[in-house]
Amino acid sequence: MKAPDLPYFKMNGIGNSILVVDMRSAGRPLTPAAARAIAGEVGLGFDQLMTISAPLSGGTDAFVDIFNADGSRAEACGNGTRCVAWVLMRGSPSHHLVVETAGGTLICDRLGPTRFSVDMGPPRLAWSDIPLAEPEADTAHVQLRHLSGLPDDFQTFSAVNMGNPHAVFFVQDAATVPLAEVGPLIEHHPMFPKRANVSFAEITSRASIRLRVWERSAGATLACGSAACATLVAAARDGLTERRATVSLPGGDLMIEWRPADGHVVMAGDTQIEHEGLLPAVLWDIAA
Ligand SMILES: N[C@H](CCC[C@H](N)C(=O)O)C(=O)O
């Protein structure tokens, strides 16, 4: 049976470049090689590609698979999930959506025409959940061992899993962090068996944080929603901020709350559609 052309939506979540592909009529999943081809030869570059498939579990509206530009999979993507919410709710009176990802179930609510919140669930903080390579009693203050030559700011980090692994470093001045130099060193450090998304956070008040992120398998991005969530958790855990703060990334602001009532982390922010089109069916024949 010939595969159909599939609708795509080139979007961004405060600058985080997101490609949403509606695979509901495809009947088979996208392969990592096809994801790489879409980013490469096809020329639809992205930080993350989100594919929408039919729901797998009861009580959910869709299953979403998340690819980084190198074809690897991510378990969570906050900015991309808001873009998926825009695609699935457009033209519909619905204001509420439940999507399942490899990292867990995410609840999306519409706050305005292009503004959505995502309940990212509770953070996981045990060393084996991050995961870290070795037991750590205090995941809020982990020493980055055996990595010499880094400034003092980069010796201790807070480890948080938001569906995906994050290492958060608190720094005096986020703007001057040499992201492209230290990011890959930390991402690939043997302490992180699944590697890590790396955040450099500057506390600017009890309710505001400035953040720059080196994303696992994507590099420096203008924004990363799950990193903003991980950073707020790390900051509140250390008493540096309240449990609700504005996190300012190069691409814009996210409002993050670590809700006391249920321990879930909720993110709110804008989305933008750049253009939409059809992806040729031939891509679906690219082997894994
Ligand atoms: N930009 C995404 C996260 C991508 C994380 C990905 N790079 C990984 O491998 O975990 C966000 O808004 O949450």
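Okay, let's start with a question: which residue stands opposite Ile256 in β17? It's Met267. Keep that pair in mind, and keep in mind too that what we're looking at is a predicted model.

So, strand β17 first. This strand covers residues 265-270, and five of its six residues are buried, so the rest of the structure largely encloses it. Who are its partners? On one side of the story there's strand β16, residues 252-258, which pairs with β17 in the antiparallel sense over four bridges. That's where our Ile256 and Met267 face each other. Then there's strand β8, residues 115-119, also antiparallel to β17 and joined to it by five bridges. If you want a spot to click on there, try Phe116, which sits opposite Gly269 in β17.

Now follow the chain between β16 and β17. These two strands form a hairpin with six residues between them, and in that hairpin Gly263 takes a positive phi near 75°.

Let's zoom out to the domains. Domain 1 comes in two pieces, 6-121 and 271-285, while domain 2 is 127-263. Their C-alpha centres lie 24 Å apart. Where they meet, 20 residues of domain 1 are in contact with 18 residues of domain 2. And what sort of residues does domain 1 bring to that contact? Six nonpolar, 11 polar and three charged.

Last topic: the UniProt record. Its entry, which is unreviewed, lists several residues under "binding site", including Asn16, Asn79, Asn197 and Arg216. I picked two of those to look at.

Asn16 is in strand β2, residues 16-22. Buried or exposed? Buried: the cut-off is 20 or more other C-beta atoms within 10 Å, and Asn16 has 30. Setting aside residues up to four places away in sequence, Asn16 touches Asp47, Asn79, Thr221, Leu222, Ala223, Cys224 and Gly251. Notice Asn79 in there, because that residue is on the UniProt list as well.

Then Arg216. Where does this one sit? In the loop between β13, which is 208-215, and β14, which is 219-221. Even though we're in a loop here, Arg216 counts as buried, with 26 other C-beta atoms within 10 Å. Leaving out neighbours within four places in sequence, Arg216 is in contact with Glu187, Arg195, Ala196 and Asn197. And Asn197 is another name from that "binding site" list.

So, to wrap up: β17 is largely enclosed, β8 and β16 each pair with it, and both Asn16 and Arg216 are buried. Thanks, everyone!

Key
Residues numbered from 1 in each chain as written. Predicted model: local features only at pLDDT ≥ 70, side-chain atom pairs only at ≥ 80, totals over all residues. UniProt positions renumbered as here; feature names shortened; annotations may be inferred. Buried ≥ 20, exposed ≤ 12 C-beta atoms within 10 Å, placed from the backbone. Contact = placed C-beta atoms within 7 Å. Domains from an automatic or database assignment. Nonpolar A, V, L, I, M, F, W, Y, C, P; charged D, E, K, R; others polar. Pairing = 2+ DSSP bridges.
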